[in-house]
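Got your viewer open and a selection tool at hand? Let's take a walk through the empty spaces and the packed parts of this model.

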Amino acid sequence: MDLSCIKQQGMSFVSVCLAVVSLSTVITSYAMSVSRGDVQSLFPYISDTGGKPPESCVFGQLLNTTALLLFASAWIRYKQMEDLDDDATGSKKFRICNLVSLIIATVAALGLSIVANFQDVAVLTVHMIGACCAFVGGVFYAGIQTWMSYKICPNWTSYSVCRFRLFLTMSGIVFVLTTYLSEIVASSKWKKHHVHNDTFQWNNEDGGYPAHLVSTFSEWFLAATILIFFISYFSDFKKVVIELEMRPNSDPLGMPNMINEDDDLEPLRL
């Protein structure tokens, strides 16, 4: 079987998988929750579409997979920047930013997994902490990686890609602010006056509905912005190939003199 075509794509399949799984997550949970009448059809909060069973089961499973792919993308990017460091910049600041961005991305991915496993109807505080880690962490990560993209430009990345990532980062900052500030305003007005006791059914009869819509719209755009940023690694990941090396243990059974330590052990490449 000729694998040359697949190898030419490098690790770009991770970006493709992230796009497919993340879209499947929101589309499936939204369609199920709206069809069952569990949420309002006009842009509910993303996590509200997966807040009640059975859609919560599908939402949780797919969002956990999205979190895993998000972390995988961040790790591949980290290794790529680590490899380019000596050639591109060689600066201590670049290496520190690369490591910090990986840590932030790990926290963001963990936050996304928390959102998937702790529904807001069950444990709201934990759910909100996870959402904050995912969204705020995602924007911070985008900011650091945008700066790093400019540092390796134009040898390893084009200026158009850098400008696009800068646009996504700036948009993410705006959407983070509008999401949380509008939510605070909407919640305070809803507490003063509401017809529906379930915020999943929040509509124009309840207080703070306009601010609620601003918050939900912003959340959807914020999530899209962060995901598009990670998916923008598609062209970069084409240049990356990861090889796994397996070496036999020099003493696999705990018995001495089974293998001469002076012998060269050839790695098994997968």
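By class, how many nonpolar, polar and charged residues does the lining of the largest pocket have? Keep that in mind while you set things up, and remember that you're looking at a predicted model.

**Stop 1: the pocket**

Select Tyr-45, Ile-46, Ser-47, Phe-135 and Glu-219; of the residues lining the largest pocket, these lie nearest its centre. The space there comes to about 1,100 Å³, and the full lining runs to 45 residues. As for the opening question, 29 of them are nonpolar, 9 are polar and 7 are charged.

Now colour the helices. At least two lining residues come from each of α2 (12-35), α3 (55-88), α4 (92-117), α5 (124-151), α6 (159-192) and α7 (209-231). The largest share belongs to α7, with 9 residues.

**Stop 2: Phe-135 and the core**

Keep Phe-135 selected and show its contacts. Leaving out residues up to four places away in sequence, Phe-135 touches Val-176, Tyr-180, Glu-219, Leu-222, Ala-223 and Ile-226. You've already met Glu-219 at the pocket, as one of the residues nearest the centre.

Next, add Tyr-141 and Phe-230. Together with Phe-135, they touch the most other members of the largest nonpolar core, which has 44 residues. Helices α2, α3, α4, α5, α6 and α7 each put at least two residues into this core, and α3 gives the most, with 10. Apart from this core lies another one, of 6 residues; to find it, select Ala-186, Trp-190, Tyr-209 and Leu-213, which are among its members.

**Stop 3: the cavities**

How many cavities of 30 Å³ or more does a search of the whole structure find? The search turns up 2.

Stay with Tyr-209 and Leu-213 for the largest cavity, since both are in its lining, and add Val-39, Gln-40, Leu-42, Phe-43, Pro-44, Asp-48, Thr-199, Phe-200, Trp-202 and His-212. About 70 Å³ of space lies inside. By class, this lining has 8 nonpolar, 3 polar and 1 charged residues.

For the second largest cavity, select Gly-138, Val-139, Ala-142, Leu-168, Thr-169, Gly-172, Thr-225, Ile-226 and Phe-229. Ile-226 is one of the residues Phe-135 touches. This cavity holds about 30 Å³ of space, and α5, α6 and α7 each supply at least two of its lining residues. Colour the lining by class and you'll get 5 nonpolar, 4 polar and no charged residues.

Key
Residues numbered from 1 in each chain as written. Predicted model: local features only at pLDDT ≥ 70, side-chain atom pairs only at ≥ 80, totals over all residues. Heavy atoms only, no water. 1 Å grid on protein atoms, 1.4 Å probe; cavity = no way out; pocket = protein on both sides within 12 Å on 5 of 7 lines; lining within 4 Å. Points joined across faces, edges and corners; volume = space filled by probe spheres on them. Helix = DSSP H or I, 4+ residues; strand = E, 2+ residues; numbered from the N terminus. Nonpolar A, V, L, I, M, F, W, Y, C, P; charged D, E, K, R; others polar. Core = buried A, V, L, I, M, F, W, Y, C linked by side-chain atoms within 4.5 Å. Buried < 20%, exposed > 50% of the residue type's maximum accessible area, 1.4 Å probe, protein only. Contact = heavy atoms within 4.5 Å.
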